[in-house]
Amino acid sequence: MKCKICNSKEISEVINLGKQPLANKYPKNKLEIINEKKFTLKILFCKNCRSGQIKKIINRNILFEDYYYLSSVNKKLREHFQNLALKIKKYNFVVDIGSNDGILLKPLKELKVKSIGIDPSINVGKMANDRGLKTFIGFFDKNIIKKILKKYEKPDLIVASSVVTHLENPKKFAKDIKSFIKKDGTLIIEIEYLQNFLKNLEFERFYFDRPFYYSANSIKKLFKNVGMTLYDIEKINVHGGSLRCFIKNSINPKITKRCKIILQNEKKVLSTKSFQNFNIQIYKSSNILKDKLTNLKNKGYTIIGYGSPARVSTITNVAKINSNLIEYIIDDSPLKQNRFSPGMHIKILPRKNNISQLTDTVVVFAYEYFNDIKKFFGKNKVQFYKPIPFRKL
Ligand SMILES: [Zn+2]
């Protein structure tokens, strides 16, 4: 076994989440439930570059065939990209990889920064193009680079936000970036931070759609390999705490102090042992969740879930929670309504107007939006809980 980021053999299995379905596939009927596939979800940790990676990588064609997610619907993300646009307005030509519906391209256009996007999703990319936000549709690879360079110069800034976690082959991605970016150009990569998974007990962030989990050290090694240098890191407040990494297409830019501190700190915190402990905590916290819900149920409470992001799949399948405990889950996205949660098959329903009279206990899976969710329940006496670690909200 070798690390797919740095080639080291110092890689070992640290987390086993058992049999898991694909977290973004919501079966709609009995037949789809019968045909639902499950795979063992094991996470490896590389001691050399301090990355996590899924042992069995599922072919992305299976994962993305009916993928449908619009970034711009999310207000927090919209603000995030507006701020990023302001920060990068000095660049001449920006390419956004994984540009989705143009969430970064739109504020860049408003700031009159020349920019284009690349996105694999046909329907989402088309929506961006229809709004005048130039988007090349396809995965980021040699072919698409060739197509772009026929019409445009090399970009002096490339942005890839929430992209590298989904890649099947990070080393190839780094090589392609190197061939595409201008000399002395800058690459900005935003990653969900592996170290925060440990800190916040967020095992729910592991699922098959995302084979790689990064630290600053792993980003540094991945790009050092192609002659690019991680020189600055900003801590940002999206997706449970992320890193914004700045990488220069040169060998010796000045490295910021905060970058050095983060790199150094990881050497203490991210270790094989800390991940083995994490695995123990995962099962402890899942058992607590199940026990607490069982107690509430036995006392006669009516429990429902709110929000069905991918994490519902990981949590309910590890904790073995089905509709005996959570009667149904409410989700405001019509794309998920009247389907079932992956693996445990809890019904997903739209929110009814009298929701606060139908339940007294809510497990808030989409806890980032708790303040908005709370409002739907008015002044009625409802108890809200965060699933992992289980606590009252
Ligand atoms: Zn490695």
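1. Among contacts in the chain between residues at least 6 apart in sequence, what percentage join residues at least 24 apart? In this predicted model, the figure is 65%, and the student may wish to keep it in view while following the points below.

2. On the overall build, the chain has 14 helices and 17 strands. Its radius of gyration is 22 Å, which is close to the 21 Å given by the globule rule for 393 residues, so the chain is as compact as a globular protein of that length. The C-alpha trace spans about 65 × 50 × 40 Å along its principal axes, and 40% of the 393 residues count as buried.

3. On the interior, the largest nonpolar core holds 96 residues, and the members that touch the most other members are Ile158, Ile189, Ile219 and Cys245. Helix α11, which covers residues 272-298, gives the most to this core, contributing five residues. Cys245 is a useful residue to inspect: when its neighbours within four places in sequence are left aside, its contacts are Ile189, Ile191, Ala216, Ile219, Leu230 and Ile233.

4. On the antiparallel sheet, four strands form an open sheet in the order β1-β2-β3-β9, and their pairing is antiparallel. The edges are β1 (11-21) and β9 (212-213), each of which pairs on one side only. Helix α11 packs on this sheet, where it touches β1 and β2, and its direction makes about 25° with that of β1.

5. On the pairing of β1 in more detail, this strand is joined by eight bridges to β2 (residues 38-46), and the two run antiparallel. To find the register in the viewer, one can look for Gln20, which stands opposite Phe39 in β2.

6. On the parallel pairing, strands of a sheet pair through backbone hydrogen bonds, and this can be either parallel or antiparallel. Strand β12 (residues 303-306) pairs with strand β15 (residues 361-364) in the parallel sense, over four bridges, and Gly305 has Val363 in β15 as its bridge partner. Strand β15 is also joined by three bridges to strand β16 (residues 383-386), again running parallel, with Phe384 in β16 as the bridge partner of Val362.

7. On the connection between β15 and β16, which handedness does the β-α-β unit have that these strands make with helix α14? The unit, in which α14 covers residues 370-375, is right-handed.

Terms used:
Residues numbered from 1 in each chain as written. Predicted model: local features only at pLDDT ≥ 70, side-chain atom pairs only at ≥ 80, totals over all residues. Core = buried A, V, L, I, M, F, W, Y, C linked by C-beta atoms within 7 Å. Buried ≥ 20, exposed ≤ 12 C-beta atoms within 10 Å, placed from the backbone. Contact = placed C-beta atoms within 7 Å. Pairing = 2+ DSSP bridges. Axes fitted to C-alpha atoms, helices over the stretch in contact; angles between N-to-C directions. Rg over C-alpha atoms; globule rule 2.2 N^0.38 Å. Right-handed = clockwise from strand over helix to strand, strands pointing away.
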